[in-house]
Amino acid sequence: MFCYQCQEASKGIGCTIKGVCGKDDVTANRMDLLMFVMKGIAVVAEKLRANGTPATTANHFITEGLFSTITNANFDVNSISARVTEGLKLRNDLIGKAVAAGIALPKLEELSWNGNESEYESKSASVGVLRETNEDVRSLKELVIYGLKGMAAYAEHASKLGFEEEDIYAFIQHALAATTRTDISADELTALVLETGSFGVKTMALLDKANTTSYGNPEVTKVNIGVGKNPGILISGHDLKDMEELLAQTEGTGVDVYTHSEMLPANYYPAFKKYKHFVGNYGNAWWKQREEFESFNGPILFTTNCIVPPLSGASYKDKVYTTNAAGYPGFKHVPARKEGGTKDFSEIIEVAKKCAAPTEIEHGEIIGGFAHNQVMQLAGQVVDAVKSGAIKKFVVMAGCDGRMKTRDYYSDFATQLPKDNVILTAGCAKYRYNKLPLGDINGIPRVLDAGQCNDSYSLALIALKLKEVFELQDINELPIVYNIAWYEQKAVIVLLALLSLGVKNIHLGPTLPAFLSPNVANVLVENFGISSIRTPEEDIKEWIL
Ligand code: FSO
Ligand code: SF4
């Protein structure tokens, strides 16, 4: 195996024996093969679309397939193999259609290879990331692919709510197909990276529309972090449709619902707040799950990543369920909803009824719900605070949390920030400082949480609004510092989206991606001013004071 797609890539180079995330080599290789098959599908789908006969079956196959290869989403080699088998069949069907329509197809192994399951392992060895021998081309191609993975995840969430845009699917397939080209230049690939960012903005906007149309605009909310007396179900991940159906199906059953990690922002939506048995949020970011799932006592539902493999003696491991693209060997998988139907969570509810109520691990409330609509309502107050000098700077600290000790930087940075600075956050990065007593500025909390990582879109809208109010020419003239923490590929699309909006001088940590070759990293430094982080003291001194 060779994988270097996330921030925890071994030694800052890549995982080669087993993933730091827990992914074994066979599963990693199978994912490489799935990528290879999906690239073939993308090549044919693009040709069919250009011929006026879009292959709609490819749309979801590719977005779900990409999602299943995101860090920490799926550890189940059987489910990845099943996708490979289904993908080969789909590709061959599409090739048949293209041939029948007289469409010329390129000569590519991605289109010609047909193996059965016993050959998957041997084939996967030759189709991984290192197949591209030029380090810079590989870096640019993988940067595009990781952006597409994040984009696909967001497109999937939107589609679950009935919101889809054909041009997003078309772009994903076009870009994936472009990575099979051996004649593509570094300049073309660089342009494709930026275009990926633009489509990232479009996809996040679509998901924002899907979420707010379906569940209302997030509003300022105090979220309970303590527990009630009933048994509960803990729901994690990012899929709000699953949240909706779980809340509806648990109502009146005596089973409460709690969010974990990235599902916390579900507490901010009016449509979910109405449920009395929706008690609040339990615990912290994804990487604390081994201890927090133990004390939760009830079953857990993963709607997406980030899964941490349970320890062999974990008491909760028989009570974990996955759904959508997520999977783990031994965890039960809740099947997709049938057209027009709902998912069936009855088994999880029955398991919960037999469990003890959660053990309280903390008490109190955290505040959130500062997505664009809510912040626009407070715009007058915010603008006055900036004009009076009460707020000197905004620091965007969006992105991911992770288990590495180096991420203590973010808590220290937040603690040491001058008191006239406001943190704008989104994603699970917030858990590094959302429970610190950072106070407020004239009633405006010093940590404004917009929501999930995809709600970084809200932060971009807020920045654009401020630019308009202050009549600035350039978004970079605003008193905003970007200090983004990344972990997996959704953060990659958030980063590319910000770059495509013209945001410069983003600080990225805790380390720069292993998949950036020195030359590609240089391009990002020279053209966009991207830099890494140092110590909180040094960074605050240079960026803020
Ligand atoms: Fe975090 Fe995991 Fe949302 Fe990611 S829970 S790390 S960027 O999946 O997607 O912020
Ligand atoms: Fe390693 Fe990250 Fe890949 Fe897992 S996803 S194998 S930790 S680089």
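**Exercise 1. Work out how covered helix α6 is, and check its span.**

Step 1. Of the 26 residues of α6, 23 are buried (under 20% relative accessible area, 1.4 Å probe, protein chains only). The helix is thus mostly covered. This is a predicted model: local features need pLDDT of at least 70, side-chain atom pairs count only at pLDDT 80 or more, and totals for chains, interfaces and linings use all residues. Residues are numbered from 1 along each chain as its sequence is written, and side-chain values use heavy atoms, without hydrogens and water.

Step 2. Helix α6 covers residues 135–160 (helices are DSSP runs of H or I, at least four residues; strands are runs of E, at least two). The expected span is 1.5 Å times one less than the number of residues, so α6 should span 38 Å. Its end C-alpha atoms lie 37 Å apart, which agrees.

**Exercise 2. Describe both ends of α6.**

Step 1. At the start, a side-chain oxygen of N134 comes within 2.9 Å of the backbone nitrogen of D136.

Step 2. After the helix comes G162, with a positive phi near 85 degrees.

**Exercise 3. Give the strand order of the five-stranded open sheet, then place helix α16.**

Step 1. The order is β13-β10-β9-β14-β15, with parallel pairing (at least two DSSP bridges between two strands). β13 (447–449) and β15 (507–509) are the edge strands, each pairing on one side only.

Step 2. Three bridges join β9 (393–396) to β14 (480–485). V396 stands opposite Y482 in β14.

Step 3. Helix α16 (456–469) packs on the sheet, touching β9, β10 (421–425) and β14 (contact: heavy atoms within 4.5 Å).

Methods. Chains lettered and ligands numbered in written order. Buried < 20%, exposed > 50% of the residue type's maximum accessible area, 1.4 Å probe, protein only. Polar contact = N/O pair within 3.5 Å; in protein donor to acceptor, adjacent residues only side chain to side chain. Axes fitted to C-alpha atoms, helices over the stretch in contact; angles between N-to-C directions.
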